Amino acid sequence: MLRVGIIGTGDIANLNIQGYMHSQDAELVAVSDIDVSNAGEKLERWGLRTLKIYTDFKKMIDHENLDIIEILTPHHLHYPMTEYA
């Protein structure tokens, strides 16, 4: 089972999350977003309220032993995030 972490829970996450929720090969384990309230609301809406929320994507990457990291932030933020991962 592939362990998945999501960086960013904005509007695009509503679409991307669906593939992971219905996958038999991937398990969502955590999300990272600077807006904890928004992340919590999204997890509630998606029925994933037990997932851990990080405000720092680096901590999520360091602590969750992820196989997949989906970056769903504004494009100008992608490079530093991919460089860290």
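The radius of gyration is taken here over C-alpha atoms, and the reference value for a globule is 2.2 Å times the number of residues to the power 0.38. For the 85 residues of this protein, that rule puts a compact globule near 12 Å, and the protein itself has 12 Å, so the two agree. The model is predicted.

**Confidence**

The mean pLDDT of the protein is 95, and 100% of the residues score at least 70. Among the elements of the protein, helix H4 (residues 78-84) has the lowest confidence, with a mean of 88, whereas strand E3 (residues 52-54) has the highest, at 98.

**Overall architecture**

The protein contains 4 helices and 4 strands. Read from the N terminus, these elements follow the order β-α-β-α-β-α-β-α. The C-alpha trace spans about 30 × 30 × 20 Å along its principal axes.

Contacts within the chain can be described by sequence separation. Of the contacts between residues at least 6 apart in sequence, 60% join residues at least 24 apart. Buried residues account for 39% of the 85 residues. The protein exposes about 5,200 Å², and 51% of this area is supplied by carbon and sulfur atoms.

**Salt bridges**

Side chains of opposite charge can pair when their charged atoms come close. In the whole structure, a search finds 2 salt bridges. One of them joins Glu64 and Arg3, whose closest N and O atoms lie 3.2 Å apart. This pair links distant parts of the chain, since Glu64 belongs to helix H3 (residues 57-64) and Arg3 to strand E1 (residues 2-7), with their positions 61 residues apart in sequence. A salt bridge also forms between the side chains of Glu44 and Arg49, with an N to O distance of 3.2 Å.

The accessibility of the four participating residues is set out below.

| Residue | Salt-bridge partner | Relative accessibility | Class |
|---|---|---|---|
| Glu64 | Arg3 | 12% | buried |
| Arg3 | Glu64 | 25% | partly exposed |
| Glu44 | Arg49 | 44% | partly exposed |
| Arg49 | Glu44 | 56% | exposed |

The classes follow from two cut-offs: buried means under 20% relative accessible area and exposed means over 50%, with partly exposed in between. Glu64 is therefore classed as buried at 12%, while Arg3, at 25%, counts as partly exposed. In the other pair, Glu44 is partly exposed at 44%, and Arg49 counts as exposed because its relative accessibility is 56%.

Methods:
Residues numbered from 1 in each chain as written. Predicted model: local features only at pLDDT ≥ 70, side-chain atom pairs only at ≥ 80, totals over all residues. Heavy atoms only, no water. pLDDT = per-residue confidence, 0-100. Helix = DSSP H or I, 4+ residues; strand = E, 2+ residues; numbered from the N terminus. Salt bridge = Lys/Arg side-chain N within 4 Å of Asp/Glu carboxyl O. Buried < 20%, exposed > 50% of the residue type's maximum accessible area, 1.4 Å probe, protein only. Contact = heavy atoms within 4.5 Å. Areas by Shrake-Rupley, 256 points an atom, 1.4 Å probe, with all protein chains shown as cover.
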